Amino acid sequence: CELITDEPIEPKLAVSKLKELGIASRKIICEKYIGDFLHSKSFEEFFISRCGDITAAASNSWCTALRDRLWQDYDVPADCLPWLLSLAFALEFFPRPLVIGDCNRFGNSIIYANRAFCQLTEYDREEVLGRKPDFLHGPKTETDVLKEIEAMFQNGGDCHAVLTNYRRAGGPWQNVLSIATMKDSSGALRFSFGMLGQLSKD
C-alpha cells in the first residue's frame, strides 16, 4: 500500500488502485509501445534480417515456424505478414496472457494466442485458434460488459473492463481485460489486441 501512496490505505482501496494501474499499463502497452515498435526502423531491420522480404518469407524456415503459431486456416493478408509474424515471435513467452483477433472475421475470431493465455484458461492453442472469444463465457459473465465490448468492435477504439470468464474445467475467474483495436493506413479496422489479467482466483 505504501508503494502506491505516501500513507497507509485500506486493503480494498489498495486493490482498487492496483486494478487501475494494471488497466492503465495495459492500455499504454496496447496503444503506444507495441505500435511504436512495429512502425520503427528497428522492427523493419529485424524482420528483414530474419525473414528477408515478404515474398521470400513463405519459404523461410524461421517464418514457417512462426506461421505455425497462427490459426492454420487463416489466410494471412500479405501486407500484415511481417507484423503478425513478429508479434508471434515477440509475444510467445510474454508473461501476460495475450490474444490477437481479426476484426473482419465473424465474431473477431482468434488468430493467435500466446502460452500465458493457454496456461491461464487451461485450453490448448489448437482449441482456441479460429474461435470466437465467447467460449470463455458462462452463467455469471456480465452481459453489460459484453455489450460494451461489442460496441467497441463496431466503432473501433479500446475497452477496459473486468469480466467473469471460465476456464476449460469450468472454474470462473475475474478477468481484468484490455482490448485495443488496430486500424490500417486507410482507417479500416483490421485486428484486435487483447491482454488478460486475473484479478482473483475466486
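Helices and strands are DSSP runs, numbered from the N terminus. In this predicted model, Asn-114 is placed in the loop between β2 (110–113) and α6 (115–121). The chain as a whole comprises eight helices and five strands. Their order along the sequence is α-α-α-α-α-β-β-α-α-α-β-β-β.

The chain has 202 residues, of which 42% count as buried. Its exposed surface amounts to about 11300 Å², with carbon and sulfur atoms supplying 53% of that area. Among contacts with a separation of 6 or more, 46% involve residues 24 or more positions apart.

The surroundings of Asn-114 were examined next. Asn-114 has a relative accessibility of 0% and therefore counts as buried, the cut-off being under 20%. Its side chain makes two listed approaches to backbone oxygens: that of Leu-91 is reached at 3.1 Å, and that of Arg-96 at 2.9 Å. Leu-91 and Arg-96 also appear among the residues that Asn-114 touches, when residues up to four places away in sequence are not counted. The others in that set are Glu-92, Phe-94, Pro-97, Leu-98 and Arg-125. Asn-114, in the loop between β2 and α6, thus combines a buried position with side-chain contacts to the backbone oxygens of Leu-91 and Arg-96.

Aromatic rings were considered separately. A pair of aromatic rings is described by the distance of the centres and the angle of the planes. Two aromatic pairs are present in the structure. One of them joins Trp-71 and Tyr-74, with 6.3 Å from centre to centre and 10° between the planes, and is stacked. Both partners are buried: the relative accessible area of Trp-71 is 12%, and the relative accessibility of Tyr-74 is 4%.

Tyr-123 and Phe-135 also form a pair, with ring centres 4.9 Å apart; their planes stand at 75°, so this pair is edge-to-face. Tyr-123 is situated in the loop between α6 and α7 (125–128), and Phe-135 in the loop between α7 and α8 (143–155), so the pair ties together parts that are 12 residues apart in sequence. Tyr-123 counts as buried at 10% relative accessibility, and Phe-135 likewise counts as buried at 10%. The helix α6 (115–121) thus has Asn-114 in the loop on one side, between β2 and α6, and Tyr-123 in the loop between α6 and α7.

Note on methods: Residues are numbered from 1 along each chain as its sequence is written. This is a predicted model: local features need pLDDT of at least 70, side-chain atom pairs count only at pLDDT 80 or more; totals for chains, interfaces and linings use all residues. Side-chain values use heavy atoms; hydrogens and water are left out. Helices (H or I, at least four residues) and strands (E, at least two) are DSSP runs, numbered from the N terminus. Buried means under 20% relative accessible area, exposed over 50%, partly exposed in between (1.4 Å probe, protein chains only). Contact means heavy atoms within 4.5 Å. Accessible areas come from the Shrake-Rupley method with a 1.4 Å probe; for residues, only the protein chains shown count as cover. A polar contact is a pair of N or O atoms within 3.5 Å; within protein, one must be able to donate a hydrogen and the other to accept it, and residues adjacent in sequence count only if both atoms are side-chain atoms. Rings of Phe, Tyr and Trp (its six-membered ring) pair if their centres lie within 6.5 Å; planes under 30 degrees apart count as stacked, over 60 as edge-to-face and the rest as tilted.
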